[in-house]
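Q: Can we go through this model together? I'd like to start with its empty spaces and then look at what packs inside.

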Amino acid sequence: MTVLSEDQWRARQAAHRERVARWTEPHRERQHEHRKHPVLDFLFTYYSFRPARLERWQPGVGVALAGGEEFLARRGFTTTPDGVALDPAAFTEKRRSTAEFVLGLLSATASRKARLGCFGLHEWAMVYRTQPADIRHSGWPLRLGHAGTDEVVDSMQISCTHYDAFRFFTPPARPLNALQPERTDQVRLEQPGCLHANMDLFKWCYKLDPFVPAELVADCFELAVRVRELDMRASPYDLRDLGYQPVPIETPEGRADYVRRQREFADEAAVLRQRLIDTCWDLLRWADAGFGAEPHSPTGPAVQ
């Protein structure tokens, strides 16, 4: 068991709060003023981790906090001879099932080669042949207009592997996708080049809250922010008034730029994915061993 002094953990707690406040505080301001943001709202609406939860710091398993009695007011913590720490008894069978699913999904994803060149067409497929009033971000213009947007979709191959993107396709766009993913295909299809799969690392962190260290949650959140920005810059929307210059995937230059950025994110996400895989193994072993466990991070077998 690693023991952090009160000075140590309070410093880490303050650093974490300051790190994520650059996104949580503006989000609260926008909510108070009833202003929508087509890029950043996604991180707090589609992803259901409230700003206050993102701001909370926790140490992860195998760490005791000297003088950490304030954590006892939070679910999942208990007193140990070394200080306040996460409680293995709070790691319920439901939490175990979640950890096992996340471990299997991320291991399967990591085992595959990144598929690049989808060009972010999922966002275009979400507005394909739809009425202006039905567009998700109806307050923002389409760069190429409705007809031009439809022409791009008709002229390119859609190859989305991510169910939670595909399910928002308009009905006319669904048959145009090379795959017809279902929820049950998630472990079989997700691959490390997918922007949404890489943003979802944040989701898998908070699904295991409070057992994942806050620093890893913040790392995955920061990646999700930057991936989301590319996602929307490559979308059919004109967001230049918000400072987002388009990545025009309807041009050869734009597609090359997209693939380059997609590859960079895939490489960055691979490191975070492995850290989260290791954390899942740590959690499962820690829960089995109880307080006396010393977590370590083996690389688990891939699930096909």
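A short chat about pockets, a hairpin, the core and a few side chains follows.

Q: What kind of model is this, and how are residues numbered?
A: It is a predicted model: local features need pLDDT of at least 70, side-chain atom pairs count only at pLDDT 80 or more, and totals for chains, interfaces and linings use all residues. Residues are numbered from 1 along each chain as its sequence is written, and side-chain values use heavy atoms, with hydrogens and water left out.

Q: Okay, pockets. What volume does the largest pocket have?
A: About 360 Å³. On a 1 Å grid over the protein atoms alone, a pocket is an open set of points with protein on both sides within 12 Å along at least five of seven lines, while a cavity is a set where a 1.4 Å probe fits but cannot get out. Lining residues have an atom within 4 Å of a point. Points are joined across faces, edges and corners, and the volume is the space filled by probe spheres set on them.

Q: Which residues lie nearest the centre of that pocket?
A: Lys36, His37, Pro38, Asp41 and His137 do, out of 18 lining residues.

Q: Which helix gives the most to the lining?
A: α1, with three residues. Both α1 (6–32) and α2 (42–45) supply at least two. Helices (H or I, at least four residues) and strands (E, at least two) are DSSP runs, numbered from the N terminus.

Q: How does the lining divide by residue type?
A: Into four nonpolar, eight polar and six charged. Here Ala, Val, Leu, Ile, Met, Phe, Trp, Tyr, Cys and Pro count as nonpolar, Asp, Glu, Lys and Arg as charged, and the others, Gly among them, as polar.

Q: And what lines the largest cavity?
A: Phe42, Tyr46, Met126, Arg136, Asp164, Ala165, Phe168 and His196. The volume of this cavity is about 30 Å³. Its lining splits into five nonpolar, one polar and two charged residues.

Q: Back to His137. Where is it found, and is it buried or exposed?
A: Histidine 137 sits in the loop between α5 (121–125) and α6 (145–155). It is buried, with a relative accessible area of 16%. Buried means under 20%, exposed over 50%, and partly exposed in between (1.4 Å probe, protein chains only).

Q: What does it touch?
A: Histidine 137 touches Pro38, Arg228, Met232 and Tyr237, not counting residues up to four places away in sequence. Contact means heavy atoms within 4.5 Å.

Q: New topic. How do β3 and β4 pair?
A: Strand β3 (residues 77–80) and strand β4 (residues 83–86) are antiparallel, over four bridges. Two strands pair if DSSP finds at least two bridges between them. They form a hairpin with two residues between them. Threonine 80 stands opposite glycine 83.

Q: How many residues are in the largest nonpolar core?
A: There are 88, and Phe202, Ile249 and Tyr258 have the most contacts inside it. Helix α11 (residues 252–289) gives the largest share, 13 residues. Such a core is a set of buried Ala, Val, Leu, Ile, Met, Phe, Trp, Tyr and Cys residues joined through side-chain atoms within 4.5 Å.

Q: Last one: what about tryptophan 23?
A: Tryptophan 23 lies in helix α1. It is buried, at 12% relative accessible area. Its C-alpha and that of phenylalanine 221 are separated by 10.0 Å, though the two are 198 residues apart along the chain.
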